[in-house]
Amino acid sequence: MDAVYFDVCALIIMIVLLFSVVSRRMTSGTVNRAFLGFILINLVTNAFDIWAIAMDVSETPWIYPIPLRYISHTFYLFLHNATALVYYIYIIALTDTWHKLWNIRVQKILAIALTVFFAGIFAVNPFTDGLVFYFDENFQYTRGTIFPLLYVFAFSFMLSGTIRLIKYNKLFSREKYRALLMLFLFSVITVTIQWLNRELRVEMLGAALSMLYVSIMVQRPEDRVDPITGLLKYEAYAADMRKNFTNEKHVTSILANISNFNALNSMLNYDGMNSLLKTIADIITTVDRDLKAHAEIYYLDRGRFRIVLNTDQAELIYLISEKINFVLKQGISFNGMELNLIAYVCITRCPEDVPDFKTLMLFGNDIHNRTPYTGQVLRASEIAQKSPFGLGNELDEIIDRAIADRSFKVYYQPIYSTAEKRFVSAEALLRLKDDKYGFISPELFIVAAERSGAIHKIGDFVMEEVCRFIASEEFEKLGLEYIEVNLSVAQCMSPDLADKILNIMEKYKVAPDKINLEITETAADYAQNIMTENIDKLHSEGFTFSLDDYGTGYSNINRVASLPLTIVKLDKSFVAAEDNQRMWIVLRNTVKMLKAMDMHIVVEGVETKQLVEKFADMECDYIQGYYFSRPIPEEDFVKFVANSLT
């Protein structure tokens, strides 16, 4: 009975693996189901092998009926060969390349035909003098003449799966790739050992150990399953969608963003918010199950859900989208409260609507901030026509090219002094014009540049251009006092910001009082040592600072009082509230407070003479806006200011 010990060990490992997969909820999704099937078929195969061996190695094998022994060996061999087919299916599921198979219908028919063929061989085996196997006159199990054909069949599927794994190895990390290769290598080694020595029944143990290794290295729930909702997590969505684009697979991703997530999160405690997210996940899962859509469902973060369907059935896609949208719009009864969910549900076909992975992630990230809420199911194809998402991955390339070719342009918007009745300064604003897309909004390329790190080179370029302009004779003739230059959050967090600015100023022999540095309220929110050190160092060198966009979000007067500010720029939202009398009361008191703190005030976004006079009467110091001029190129700006002096 020593021969059966290896199989018993393998069986124990398989049972533990099965329990682990089920207890860790690794049973949903194509890959998980394929791996679960892989475990189950190996477990059953192992059981039949133990049964067959127990009868074969018995000291009295003749006491076991031959038909019973035929059944045990037949099922073992049949399932053992089927294991190779399941391995092939598992690799296809991992690489997500079903659509890459040559004529899937033909392959299915071929697989069924081979299965029927081998089933037929085993069925007639007892009546053909043991073509596959037989029992000799001593009741000993003996391999038949076509027995090697079983190994050829199994090896062909194992090899095909491994070749596919090697072909798409870039889809996996090095550790996962090695673990998957072990499935094939362990099988080859243990099959060879058992072929050469039938007494060493190590095939099943080799399979069990390699699958245990794969379970540890590849099938890791912490990598793919969100512990709160039980859905697949952000990393899984990113990996799967990147895989889809790489494999040129057409899928539909239904985006479901809860736009009032922040409000709900502030209302509920941590446990309450987690319970709400689990409730929403259950709602979406129920819709998917009821409609038999077989979707992969993900929870990314901050109220963003994704439902991915591997189908082109437009009716089903629209139906599941409408159902999810309808149910979420009804609100949720939660802990005695009726919670309203403002859900943006959008059908996004990949790659028809979004061309690449990066564009998809950017598009879905804040679609609720860029699109008016209608309560209806949205379509990415319609939104893309009105939005700049078509830039996709090209945006980083456009920025890099613009830096290399110095095709960024600095425009200037004049700032008018209400006391001196003239233009005394200007704000430097960066513009980017692309041959393909035309002018690209700074809201797009600044964000992309901050994300890629290109913002530092862009910031250096702007400072160089402004200093060159200030050092020119044209600037001196205009009689302007200074130019305002914006600093982004990323720039403020750079340890060498102050030194770079001082070096550029020294290069052009420009005095610090000729430049006023603007920081936004968003940047000021970052109470970081590096930012504080930069501001303090530049302030000690004679630079002045202004706080831009004051009045957006949650303005903090403590921030204004603590920073070395000279100027506060009121956000254009104050201007937009021209007819709101209560807002004007707030505005007047804000101006009085800032003036009492000895701050100079700039009002942005002014477009009418009436508003210019209103803000002048309120003793605001400076006016900036389209009433005087849009941001214009340097040459036009020089002419504009020069003409205003005559």
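Ile189 is found in helix H6. The model described here is predicted, and this helix is a convenient place to enter it. Helix H6 covers residues 174-196 and supplies three residues, the largest share, to a nonpolar patch. That patch lies on the surface and is formed by Phe6, Leu185, Ile189, Ile193 and Leu200. Together, these five residues have about 390 Å² of accessible area.

From this surface patch, the account turns to a strand with other surroundings. Strand E11 runs over residues 422-434, and ten of its 13 residues are buried, so the strand is largely enclosed by the rest of the structure. Burial here stands for a relative accessible area under 20%.

The pairing of E11 can be followed one partner at a time. Strand E10, residues 409-417, pairs with E11 in the antiparallel sense, and nine bridges link the two. Within this pairing, Ile415 has Ser425 of E11 as its bridge partner. E10 and E11 make a hairpin with four residues between the strands. In that hairpin, Lys421 takes a positive phi near 55°.

Strand E13, residues 482-487, is another partner of E11; these two run parallel and are joined by four bridges. Ser425 appears again here, with Tyr482 as its bridge partner in E13. Ser425 is thus a bridge partner of Ile415 and also of Tyr482.

E11 also pairs with strand E12, residues 438-440, through three bridges in the antiparallel sense. One of the residues involved is Lys433, whose bridge partner in E12 is Phe439. E11 and E12 form a hairpin too, with three residues between them. For following such strands by eye, it helps to know that in a regular strand the side chains alternate between the two faces of the sheet.

The last stop is a loop residue, Asp621. Asp621 sits in the loop between helix H27 (609-617) and strand E18 (622-623). Is Asp621 buried or exposed? Its relative accessible area is 16%; since buried means under 20%, Asp621 counts as buried.

What surrounds Asp621, leaving aside its neighbours within four places in sequence? Its contacts are Tyr416, Ser417, Thr418, Ala419, Lys595, Met599, His600 and Ile601. Tyr416 and Ser417 fall within strand E10, which spans residues 409-417, so this list leads back to the hairpin partner of E11. With Ile601 there is a further detail: a polar atom of the Asp621 side chain lies 2.7 Å from the backbone nitrogen of Ile601.

Terms used: Residues numbered from 1 in each chain as written. Predicted model: local features only at pLDDT ≥ 70, side-chain atom pairs only at ≥ 80, totals over all residues. Heavy atoms only, no water. Patch = residues over 30% accessible without salt bridge, like charges linked within 9 Å, V, L, I, M, F, W, Y side chains within 5 Å. Areas by Shrake-Rupley, 256 points an atom, 1.4 Å probe, with all protein chains shown as cover. Salt bridge = Lys/Arg side-chain N within 4 Å of Asp/Glu carboxyl O. Buried < 20%, exposed > 50% of the residue type's maximum accessible area, 1.4 Å probe, protein only. Pairing = 2+ DSSP bridges. Polar contact = N/O pair within 3.5 Å; in protein donor to acceptor, adjacent residues only side chain to side chain. Contact = heavy atoms within 4.5 Å.
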